Structures are given as structure tokens and as C-alpha cells.
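Let's work through a few short exercises together. Have a look at the structure first, then try each task before reading its solution.

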Amino acid sequence: MSIEENIRKVTPYTPGEQPQKKVIKLNTNECPYPPSPEVVRALSETDWDRLRLYPDPACEQLVSAIAKHYGVGSAQTFVGVGSDDVLSMCFLTFFAGNKPVFFPDITYSFYDVWADVYRIPYETKPLNGDFRINAEDYYEANGGVVIANPNAPTGIAESLGFIKDILEHNTDSVVIVDEAYIDFGGDSALRLIDQYENLVVVRTMSKSRALAGMRVGYCFASEQLIKYLNDVKYSVNSYTMNMPGLIAGKAAIEDTDYFHDIVGRVKKTREWTSGELKALGFTFNESQTNFIFAKPPAPYAASEIFDKLIQNGIYVRYFKKPRIDGYLRISIGTDDEMQTFINKLKEIML
Ligand SMILES: *Cc1c(COP(=O)(O)O)cnc(C)c1O
């Protein structure tokens with residue numbers, strides 16, 4: 001006997017690097033612009049005395065602001081500490097059966113980690129050669145489905161018709177649609193929550209609302225599914241969201257003009273960057289996200305360009321994994337950052 005056999009052992013998720021020195025950071029899909037000035041104002045007007053108290057466990061003000069913004073009911077809305085927390089709670093709540101949960105082989109690399117840590121059986125379904133999802137792979141009986149749409153790191157969005165098809169073939173299991181990047185492209189499944197009682201739509205304020213550091217995520221589903229989710233949340237930690245997060249999240253969701261402005265800027269810079277990368281011979285699918293997943297032309301290896309960029313203080317993401325180890329995932333930064341990035345690439349690829 002040893003204590004070792006009583007310990008839960010997991011292979012953790014590896015987040016992208018967060019270098020503490022000043023670099024051009026194009027590796028974790030954060031927003032290159034600051035959060036809404038309304039967020040800063042709401043926080044500066046906060047009475048910090050209130051930190052003595054526990055925050056509102058129901059997160060009522062934030063939940064109702066989000067629900068109002070999207071035109072859904074508060075009872076159809078759930079919030080968490082970033083969408084990672086929301087997704088983790090969803091896995092724990094909705095994937096409690098014995099059949100395997102299905103998700104693509106190339107997708108957000110946290111899904112298999114949650115499945116492992118919660119001991120949820122799962123099966124990955126290979127994307128096709130163009131990195132598209134085969135709907136038929138998800139017709140077999142399963143314990144649940146998770147689809148990131150648009151998908152990461154591919155940047156490709158599947159249609160709403162595709163999502164409906166998955167929902168209709170999986171009436172006995174919960175289908176989670178992770179819409180972390182939906183504000184940058186693709187059609188949201190949000191409007192389908194009244195129609196499909198097996199649908200959960202997950203969102204985040206980390207990418208399109210410039211609040212990655214605050215950790216605010218949310219999801220929408222039928223009132224029944226949201227109730228199950230809250231029951232599990234209250235059984236793990238009643239106070240997931242801290243007080244500043246509740247305040248910042250509410251201010252961010254209410255500043256629609258600023259949100260449209262920064263998303264528009266990111267998309268514009270994405271189009272410019274796409275043109276430049278194409279001119280350098282990179283190949284990629286049109287991005288529907290705030291990053292471009294691109295393959296450098298021969299004879300340049302993605303891993304080599306990745307290393308050389310780091311030496312020049314530019315961080316992009318490289319996944320040393322089968323099928324995608326020839327690609328770089330490049331987050332869209334400011335115009336200046338992308339200009340510097342392209343200039344460096346030209347030097348490297350001389
Ligand atoms: C970034 C990301 C998340 C997690 O974002 P949070 O910062 O935890 O809200 C979830 N899913 C996908 C696909 C992502 O890219």
C-alpha cells in the first residue's frame with residue numbers, strides 16, 4: 001500500500017505561455033484592446049468595503065444583464081469563472097451516463113482533460129482532411145456531444161443546419177456548443193435553446209470582450225438544464241464568481257457599442273493579416289475567429305518559425321500534435337503588432 005494509489009492522477013491541460021516580460025503576444029487569442037471604459041468606471045466606483053462579504057451566490061445582476069442582452073430568460077442563463085469553469089461544470093452535470101461522450105480529435109484540448117479528471121468515458125471523432133466535422137460520426141448512441149463552433153484551433157465554423165442535425169440525432173444526450181469565438185464569425189445556436197431541450201450554448205467574455213483576466217463565462221440552455229447545472233455548482237462551490245468579476249462582467253455586456261467597435265477592428269486586422277500571410281505562401285481556411293490557423297509553405301517548418309519568432313519576442317501557438325504539427329495558430333493583435341509580426345516573418349523566410 002502507498003498513498004499513491006489513493007490519489008487522483010491527471011495529465012493537466014497546458015495553457016499557452018503567459019510571458020511576464022513585454023512581448024508581442026499572439027498565442028492565447030486574447031483581445032488586443034483594453035476592456036470597455038465602462039468596466040474600468042464600474043470598478044473604480046466600487047465600494048471595496050464590500051470585499052468583506054461573500055459575493056451574491058446567484059450572481060443575479062450579472063445573470064440578468066446577460067439574459068437581457070441576449071433576449072433570453074434569467075432562468076435560461078448560467079455564469080461561471082470563465083467558460084472553462086462553465087464547461088467543466090457542464091461536463092460534470094451533463095455527462096454522467098455510461099456511454100462515451102463524443103468530440104472531434106482536433107478541438108479545444110481541454111475537453112479530454114475534463115473527461116479524464118471526471119472519469120467520463122469519451123471517444124474522439126476525426127475531422128476530415130479539410131478539418132471539417134462529419135455529422136454522421138455523431139449519430140451513434142453516446143453520453144453527450146461537445147462541438148466548438150467555430151472550432152479551435154482550426155478557425156472553421158460549421159453551419160446552423162449542421163448543429164441542428166447533430167441536435168436532432170442526439171435527443172437522448174446533451175449537446176454542448178462552445179461558442180468562444182462566435183462573435184468573430186459563424187451563426188450562433190443560441191436561438192435554438194427554446195426548440196431543443198438537449199442544447200447548451202457556452203460563451204465567454206475572454207475573447208471578444210477583452211476580459212480574459214477577469215474570468216467571466218456563461219451559458220444558455222432550457223430552464224431544466226440550467227437548474228441541474230446550478231444544483232451541481234452549489235454542490236461544489238456556491239461562490240464561484242468573485243465580486244469584481246460580477247461587476248466587470250455586467251459593465252462589459254452592457255457596453256454594446258464598444259464591443260462592436262473592438263470586434264470590428266479585430267476582423268479588419270484579420271483580413272489584412274490573411275492577405276499578407278497568403279502573399280507569403282501560407283495556406284489556411286478563411287478564419288471565422290480572432291486567430292488564423294496557417295501552414296507555412298515548404299521548406300519552412302512551423303516549429304522552426306515558431307522558435308525563431310520567440311527569439312524575436314513574438315509568441316504564437318504551436319501544437320506538437322499529430323495532424324496539426326505543421327501549423328501555427330496566430331492570434332490577431334493590433335495593426336502595429338501584426339505589421340511587426342509580418343515583417344519578422346519576411347526576415348525569417350528570406
Ligand atoms: C478560450 C476558449 C475557452 C475558454 O475561455 P475562458 O477564458 O475560460 O472563458 C473555451 N473554449 C474555447 C474553444 C476557447 O478557445
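The exercises below deal with a predicted model, and they go from its sheet to its pockets and its cavity.

**Exercise 1. Work out the order of the strands in the open sheet and find which strands stand at its edges.**

Solution.
- Step 1: Trace the 7 strands across the open sheet; their order is β2-β8-β7-β6-β5-β3-β4, and the pairing is mixed.
- Step 2: Look at the two ends. β2 (77-80) and β4 (122-125) each have a single partner strand, so one side of each has no neighbour in the sheet.
- Step 3: Going from one strand to the next, the twist averages 20°.

**Exercise 2. Describe how β5 and β6 pair, and find helices that pack on the sheet.**

Solution.
- Step 1: β5 (residues 144-148) runs parallel to β6 (residues 175-178), with 4 bridges between the two.
- Step 2: For one opposite pair, take Val145, which faces Val175 in β6.
- Step 3: Now add helix α3 (residues 82-94), which packs on the sheet and touches β2, β5, β6, β7 (199-204) and β8 (217-220). The direction of α3 makes about 160° with that of β7.
- Step 4: Helix α5 (residues 160-168) also packs on the sheet, where it touches β5, β6 and β7. Its direction makes about 155° with that of β6.

**Exercise 3. Locate the largest pocket and explain why it lies between two domains.**

Solution.
- Step 1: The largest pocket holds about 870 Å³ of space.
- Step 2: It is lined by 42 residues, and the closest to its centre are Tyr13, Tyr108, Ser109, Arg317 and Arg329.
- Step 3: Sort the lining by class: 20 residues are nonpolar, 11 polar and 11 charged. Helix α3 gives the most to this lining, with 3 residues.
- Step 4: Domain 1 (3-33 + 257-349) and domain 2 (39-255) both contribute to the lining, so the largest pocket lies between them.

**Exercise 4. Find the cavity and say which helix gives the most to its lining.**

Solution.
- Step 1: Searching the whole structure for cavities of 30 Å³ or more gives 1. The volume of the largest cavity is about 40 Å³.
- Step 2: Its lining is made of Ser36, Arg209, Ala252, Asp255, Tyr258, Phe259 and Ile262.
- Step 3: Helix α8 (residues 256-279) gives the most, with 3 residues.
- Step 4: Since domain 1 and domain 2 both give residues to this lining, the largest cavity lies between them.

Terms used
Residues numbered from 1 in each chain as written. Predicted model: local features only at pLDDT ≥ 70, side-chain atom pairs only at ≥ 80, totals over all residues. Heavy atoms only, no water. 1 Å grid on protein atoms, 1.4 Å probe; cavity = no way out; pocket = protein on both sides within 12 Å on 5 of 7 lines; lining within 4 Å. Points joined across faces, edges and corners; volume = space filled by probe spheres on them. Domains from an automatic or database assignment. Pairing = 2+ DSSP bridges. Axes fitted to C-alpha atoms, helices over the stretch in contact; angles between N-to-C directions. Contact = heavy atoms within 4.5 Å. Nonpolar A, V, L, I, M, F, W, Y, C, P; charged D, E, K, R; others polar.
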